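Good morning, and thank you for the opportunity to speak. I should like to take you through one protein model, beginning with the whole and ending with single residues.

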Amino acid sequence: MQKDKFIILIIIAILLIGIGVVEYWKKSNNEKPYGVTISIVNNTTRIISWSSTQLEVQPYIDWVSSSEYDSWNSDHVITTAASVKEYSNSNDETYYRYSVTLDHLQENMSYTYRVGGENKKLRSDNAIFTVYSADQEQFSFIHITDSQGETENDYQVWGKTLEKAINTLPEAQFIVHSGDMTEDPNIEQQWKWFFQYSKSLKRLPFMPTTGNHEQLKGMASSYHSHFKMPLNGADKLIAETSYYFEYSNMLYISMNTEGDINEQTSWLEQVLEEHPQKWIIVSMHRGVYGGSRFNEADDWVQLFDKYGVQLVLQGHNHEYSRSYPLIDGKVVEGQSNPITEGTVYVTMNASGTKFNEKKKDKKYQAVHFQKGLQMFGTVTVSATELNYNAYDVNGDLLDSFTIKQ
């Protein structure tokens with residue numbers, strides 16, 4: 001009798017294991033593409049990229065002018081094959097990043113698209129993005145940073161902050177993130193939560209900056225396996241961890257404070273020399289003038305002064321700080337609001353759940369506080385002025401300034 005019971009228990013265990021394996025197989029083979037993002041290369045070129053835990057056969061994007069879309073069977077629909085790269089993180093997880101570059105897009109045009117592969121059940125939902133005119137009178141974008149977290153709730157908070165930013169600035173044309181998107185870039189589930197709660201990235205271009213939670217010990221595979229940025233960064237740096245693009249009358253440069261600083265200095269000067277624009281904005285994770293000082297980048301500051309960079313967007317400190325307008329590290333006297341001379345350095349507070357205590361005030365800080373609330377910034381650029389507004393997640397305006405030319 002005991003032998004029969006033992007055999008029955010063994011059979012039940014085998015069945016349960018079998019059911020678990022089947023359910024795991026079904027789940028892993030029915031996961032839709034995730035992490036769909038849009039990147040700006042220039043005014044009329046976009047990169048669409050997405051991730052998957054399984055290798056898609058014949059990956060592609062279907063896309064069409066939204067005004068011509070009625071179904072995916074329309075003759076106007078264009079199907080473009082995607083390139084794919086395989087990545088493995090330190091946890092021996094394998095996943096794939098797909099990307100398509102769409103160039104010569106028409107200005108003032110919206111496009112409907114979906115991504116997928118041979119398995120039609122695993123295609124993404126439809127999404128729409130818009131390409132705006134390079135000659136527009138003004139444009140706006142969102143500045144946000146430090147969304148990192150460890151639990152699903154942490155990323156729900158990040159998503160709430162981002163959506164509040166978009167609701168506050170519905171005319172935003174893209175999003176700048178100044179680094180530290182996840183707490184541990186080698187845990188893929190954190191990336192999945194990051195994207196799950198930021199669905200607006202499917203329609204608004206997302207331009208991330210490399211932080212110390214993206215590049216660890218000289219490696220940044222989890223950063224460039226989740227984003228596809230312009231391939232115009234500094235030599236000898238990990239590809240796509242530094243880059244630039246021109247947008248209307250603005251030059252935007254993303255620096256990598258975790259990479260070779262000297263290598264980027266020569267690259268930065270070349271970019272500034274060859275791409276003069278009315279407005280120049282830089283994003284970097286560790287702030288040269290925030291609650292703490294990233295002294296290693298002082299050579300960059302000299303170039304900011306030389307070429308008239310008006311605004312530097314920073315993260316890392318998990319508190320809010322705005323500098324006075326500075327030249328050579330010194331406060332430019334007589335500049336209150338509007339500002340007409342010098343560079344302003346803004347360190348945005350975290351958009352996630354991780355805050356630091358307020359650091360000691362510095363003489364170069366015009367505004368400095370820690371209210372323990374998630375924050376975001378809105379930037380509006382026109383021909384004659386740049387407006388920056390800093391809000392908390394409740395929508396309260398906590399700081400504001402204008403730079404005029």
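What follows is a short tour of this structure, which is a predicted model.

Let me begin with the overall form. The protein has 6 helices and 23 strands. With 405 residues, a compact globule would have a radius of gyration near 22 Å, and the value for this protein, 23 Å, agrees with that. Along its principal axes, the C-alpha trace spans about 95 × 55 × 40 Å.

How much of the protein counts as buried? The figure is 56% of the 405 residues. The accessible surface comes to about 17,800 Å², and 49% of it belongs to carbon and sulfur atoms. Consider also the contacts in the protein with a sequence separation of 6 or more: residues 24 or more positions apart account for 69% of them.

I turn now to the interior. The largest nonpolar core has 57 residues, and those with the most contacts inside it are F174, F194, M250 and Y388. Helix α2 supplies the largest share of this core, namely 5 residues. There is also a second, separate core of 28 residues, which includes L268, A297, Y307 and Y345.

F174 deserves a closer look. Leaving aside its neighbours within four places in sequence, F174 is in contact with residues including I40, F139, F141, L204, M207, F245 and M250.

F194, another residue named in the largest core, leads us to helix α3. This helix covers residues 188–196, and within it E188, Q190, W191, W193, F194 and F195 are buried. What covers these buried residues? The cover includes β1, β6, α2, β11 and α4.

Two of those elements, β1 and β6, belong to a sheet that I shall describe next. It is an open sheet of 4 strands in the order β1-β2-β6-β5, with antiparallel pairing. The edge strands are β1 and β5, each of which pairs on one side only. From one strand to the next, the twist averages 20°. Helix α3 packs on this sheet, touching β1 and β6, and its direction makes about 70° with that of β1.

For those new to the subject, strands of a sheet pair through backbone hydrogen bonds, either parallel or antiparallel. Within our sheet, 7 bridges join β2, residues 45–52, to β6. One partnership to look for is that of S51, whose bridge partner in β6 is R97.

Strand β2 also holds S49. Is S49 buried or exposed? S49 has a relative accessible area of 0%, so it counts as buried. Apart from its neighbours within four places in sequence, S49 is in contact with G35, V36, T37, R97, Y98, S99 and K228. By way of distance, S49 and T384 are 335 residues apart in sequence and 35 Å apart in space, C-alpha to C-alpha.

A second serine, S198, is found in the loop between α3 and β11. S198 is buried too, because its relative accessible area of 2% lies under the 20% cut-off. Setting aside neighbours within four places in sequence, S198 is in contact with W158 and L162.

Next, please find strand β16, residues 320–323. Both faces of β16 are covered: Y320 and R322 on one side, and S321 and S323 on the other, are all buried. Strand β16 is joined to β20 by 4 bridges, and the two run antiparallel. In β20, the bridge partner of Y320 is F369. Strand β16 is also joined to β19 by 2 bridges, again in antiparallel fashion. There, S321 stands opposite T347.

I close with some details of the backbone. The peptide bond from N337 to P338 is cis, with omega near 10°. P338 has its place in the loop between β18 and β19.

Where do we find positive phi values in residues other than glycine? One such residue is Q58, with phi of about 55°, in the loop between β2 and β3. Another is N108, with phi near 55°, in the loop between β6 and β7. Q58 is exposed, with a relative accessible area of 58%, and N108 is exposed as well, at 60%.

Thank you for your attention.

Conventions. Residues are numbered from 1 along each chain as its sequence is written. This is a predicted model: local features need pLDDT of at least 70, side-chain atom pairs count only at pLDDT 80 or more; totals for chains, interfaces and linings use all residues. Side-chain values use heavy atoms; hydrogens and water are left out. Buried means under 20% relative accessible area, exposed over 50%, partly exposed in between (1.4 Å probe, protein chains only). Contact means heavy atoms within 4.5 Å. A nonpolar core is a set of buried Ala, Val, Leu, Ile, Met, Phe, Trp, Tyr and Cys residues joined through side-chain atoms within 4.5 Å. Two strands pair if DSSP finds at least two bridges between them. The radius of gyration is taken over C-alpha atoms; the globule rule is 2.2 Å times the number of residues to the power 0.38. Accessible areas come from the Shrake-Rupley method with a 1.4 Å probe; for residues, only the protein chains shown count as cover. Axes are lines fitted to C-alpha atoms, for helices over the stretch in contact, and angles run from 0 to 180 degrees between N-to-C directions.
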